[in-house]
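Here are some notes to read alongside the coordinates, set out as numbered points. They begin with the strand pairing and move on to the ligand and the helix beside it.

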Amino acid sequence: MALDHLGSSLYEALRRVFRAPVVDEETVKQVARDVQRALLQADVNVKLVLEISKRIEDRALKEKLPPGISRREHVTKVVYEELTRFLGEKPAPLKIEIGKRNVLMLVGIQGSGKTTGAAKLARYFQKRGLKTALICTDTFRPGAYAQLEQLASRANVPIYGDPKEKNATKIALEGLKRFDGWEVIIIDTAGRHKDEKRLIDEMKRLERTIKPGETILVVDGTIGQQAAIQAKAFQEATPIGSIFVAKLDGSARGGGALSAVAATGALIKFIGTGEKINDIESFVPSRFVGRLLGMGDLESLLEKVREAEVRVPEKKMQAFLSGRFTLTDMYEWFESMRSMGPFKRLIKMVPGLSYNIPEEIMETAQDSLEKWRVIIQSMTNEEREKPKIFKQSRIRRVARGSGTTEKEVKKLLEQYSMMKKMMKTLRRKRFPFFGKKFPKMT
Ligand code: GDP
Ligand code: MG
């Protein structure tokens, strides 16, 4: 879907926070700029974009760190919260009373996605166990009834309509009578108007007679920021309204539509993300942002940051890379990793390293970690600092002392020289994160 692009560029912005050697003022400014660029590309209003990036910068730089939260986590949190905020502060689920009649009326200009949206909503509520029905009052567009009927049959939802009747209100009232005792009744309307004013006039007329519990304006997300004009007019006209932003799969301007609508203060309750009947989501800004970023929610995002924060002491790393890598270092390194979870995941967090360690080494490393520790413990200090002195007799002694076999001790020594060599190679290749400028992992 087109929002994926926005999602991935926002995620890239956050990755900067994950990966930066130190999260300082420059990092924050760059992140704010990245977010700016991502939002502008998604047609978000320039003023809004500047506002959000400024807020990110201000909060990230000036706010005191909450206890137990690192700078890195805090910046991530700020970005997440500010993105959520500009999509509408509060989650706004549609209020449906179980066991009672809930009438929803869909309005919107022609082609915005009402009929599709009506069927999607019907499917949505039906899936949640509510007795749901549809009414088609579009007497204007030829084939309107057939279109909704086709969609409704796919959802297995009953529909009322009368292609021969010209009076929309009459059809609606008749339908409501027929579906007496149903829990959710969704009314699809014609919305033949191109301009907002006449659309609103008709909506008001329909509202007076039908008295829906909620009127939902369907806006086409592909029109980007323009969606705000409709939302604003609608917002002023009806106190019981919410918004359904359709076609968010269709264009890169979805972010613009969502943010512009949210900026009017109108409540977005649903979004449409495709032509199929199941392509509907209830809109909860925080969850939406989480999904956009490819994460569940703020917590899972912060978890990701915490993972990136695993400490590998800088001094040690420097030493490894310069080739001063002894068995003592190896031992300490393993020791410090021991409490931190799977080796494989851990090593991936050392920038540049995961790409260079063969998969099978990582696998065996995890299994062997315990054994290796014991073996190294059974060595003398001299052996640990100068592994070159290992000869057969020493190997035999260490094997006996650690309750392992000579083969296993040799294996450890092989792993050791392999790691040592690898570190050297890494340094030679001058990986961006290595060498002199090895990052502080804090
Ligand atoms: P209406 O005139 O307001 O009733 O709009 P329709 O429901 O007939 O939709 C107009 C067109 O937009 C149809 O071709 C739909 O298939 C398409 N459409 C509606 N919602 C979505 C959506 O979320 N994504 C995509 N890609 N197309 C949609
Ligand atoms: Mg229609």
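1. In this predicted model, strand β1 pairs with strand β5 (residues 214–220) in the parallel sense, and four bridges hold the register between them. Within that pairing, Val107 has Leu217 of β5 as its bridge partner.

2. Strand β4 (residues 184–188) also runs parallel to β1, the two being joined by five bridges. Here Met105 is the residue to inspect, since Ile187 in β4 stands opposite to it.

3. How many of the six residues of β1 are buried? Six of the six, counted over residues 102–107, and the strand is therefore largely enclosed by the rest of the structure. The cover extends to both faces, with Asn102, Leu104 and Leu106 buried on one side and Val103, Met105 and Val107 buried on the other.

4. Turning to the ligand, 17 residues surround ligand 1, and those that come nearest are Gly111, Lys114, Thr115, Thr116 and Asp249. By residue class the shell is made up of 10 polar residues, six charged residues and one nonpolar residue.

5. Several side chains place polar atoms against oxygen atoms of ligand 1, and these deserve a look one by one. For Lys114, an N or O atom of the side chain is 2.7 Å from a ligand oxygen, while for Lys120 the corresponding distance is 3.1 Å. Glu275 likewise has a polar side-chain atom 2.8 Å from an oxygen atom of ligand 1. Of the 570 Å² that ligand 1 exposes when taken alone, the protein buries 82%.

6. Which element gives the most to the shell around ligand 1? Helix α5 (residues 114–127) does, with four residues. The helix is itself mostly covered, 10 of its 14 residues being buried. Lys114 and Lys120, whose side chains approach ligand oxygens at 2.7 Å and 3.1 Å, are both among the buried residues of α5, which also include Thr115, Gly117, Leu121, Tyr124 and Phe125.

7. The geometry of α5 can be checked against its length: at 1.5 Å a residue, its 14 residues should span 20 Å, and because the C-alpha atoms at its ends are 19 Å apart, the expected and modelled values agree. Just after the helix, Gly129 takes a positive phi of about 85°, a backbone detail to examine when following the chain out of α5.

Definitions and conventions:
Residues numbered from 1 in each chain as written. Chains lettered and ligands numbered in written order. Predicted model: local features only at pLDDT ≥ 70, side-chain atom pairs only at ≥ 80, totals over all residues. Heavy atoms only, no water. Near = heavy atom within 4 Å. Polar contact = N/O pair within 3.5 Å; in protein donor to acceptor, adjacent residues only side chain to side chain. Areas by Shrake-Rupley, 256 points an atom, 1.4 Å probe, with all protein chains shown as cover. Nonpolar A, V, L, I, M, F, W, Y, C, P; charged D, E, K, R; others polar. Expected span 1.5 Å × (residues − 1). Buried < 20%, exposed > 50% of the residue type's maximum accessible area, 1.4 Å probe, protein only. Pairing = 2+ DSSP bridges.
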